[in-house]
Amino acid sequence: MTTLAPVEFYPPLLNPAAAGLYSATTWTEDAGPSRFLADGVRVRANGNYGGASAFGVWEADWCDVPGSGSDALKTGTRPDPETTPFAPVTVWAYDECDATLPSRNEVLARAQQILRLEEQTAVETEFAARMLADLTTHSITVPVVGTYHAAVGYLEGELAKTNTVGLLHASAALATPLAEKAAMVNPGGTSPRSVMGHRWVLGGGYVDTLEATLIATSVAYGWRDAAQVRSVLDQQANTFAAVAERSVVIGYEKIVAAVTIAEAES
């Protein structure tokens, strides 16, 4: 009895999801040597945040005789311009098969596609760990509130105090309840927003790291080099292998606030 071989079907290559950290980041594509690989990137304070220590409202009455009003001085302290550098993340993907020419092409394509789909989630996981560490470093209190509405309202209020538009980072597992319970604008689109216009970053890499915690930051900036594919042929083992890799840094000027949703934890 003759048995027919099954039909081989190769699904088309999928594109990465557009709702995560990468689409919300302003990128610098590094075509030359990746200088950020040595010590990362330090984002310097540029006057956008921390100006409260160098700002005030003059206390004298407008009709006072010059020199008779408040003796308060118009002076202040420049915020510390130094922040902990954002460390680079090197992500890689591997594949191998036999050394025939069709297999070699498949190996190269598979390594690149694995990197393409897995990269953002891995970088989000590392980025989330940095945000959580910064909350401790900057002694930012993370209140626990009862509802999604209260959580988003708290973050929008803290961002409003800075008079800037920022990013709201949250687990992708919270996307649906946030859309239903917190008046998310353009839910399901490539650029969901809060009512006050802050962009939601709903990352798969945040699912097991941020969990029920939401974090507000300033906008994100990124540096990355081109994906490199390196291959090797082992003739004795009849094996062709390839590694695709690239290095990435994503940072921000300011971590603004964070909140944990009790409703999401229950």
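**Aromatic contacts and helix H3 in a predicted model**

Q: Over the face of which residue does Arg-130 lie?
A: This is a predicted model in which local features need pLDDT of at least 70, side-chain atom pairs count only at pLDDT 80 or more, and totals for chains, interfaces and linings use all residues. Residues are numbered from 1 along each chain as its sequence is written, and side-chain values use heavy atoms, with hydrogens and water left out. A charge sits over a ring if NZ of Lys or CZ of Arg is within 6 Å of the ring centre and within 35 degrees of the ring normal. Arg-130 lies 3.9 Å from the ring centre of Phe-86.

Q: How are the rings of Phe-86 and Tyr-252 arranged?
A: Rings of Phe, Tyr and Trp (its six-membered ring) pair if their centres lie within 6.5 Å, and planes under 30 degrees apart count as stacked, over 60 as edge-to-face and the rest as tilted. The centres of Phe-86 and Tyr-252 are 4.9 Å apart and their planes stand at 75 degrees, so the pair is edge-to-face.

Q: Is Phe-86 buried or exposed?
A: Buried means under 20% relative accessible area, exposed over 50% and partly exposed in between (1.4 Å probe, protein chains only). The relative accessible area of Phe-86 is 3%, so Phe-86 is buried.

Q: Which residues just on the other side of H3 are exposed?
A: The buried residues of H3 include Tyr-148, Val-152 and Leu-159. On the other side of H3, the exposed residues are His-149 and Lys-161.

Notes:
Helices (H or I, at least four residues) and strands (E, at least two) are DSSP runs, numbered from the N terminus.
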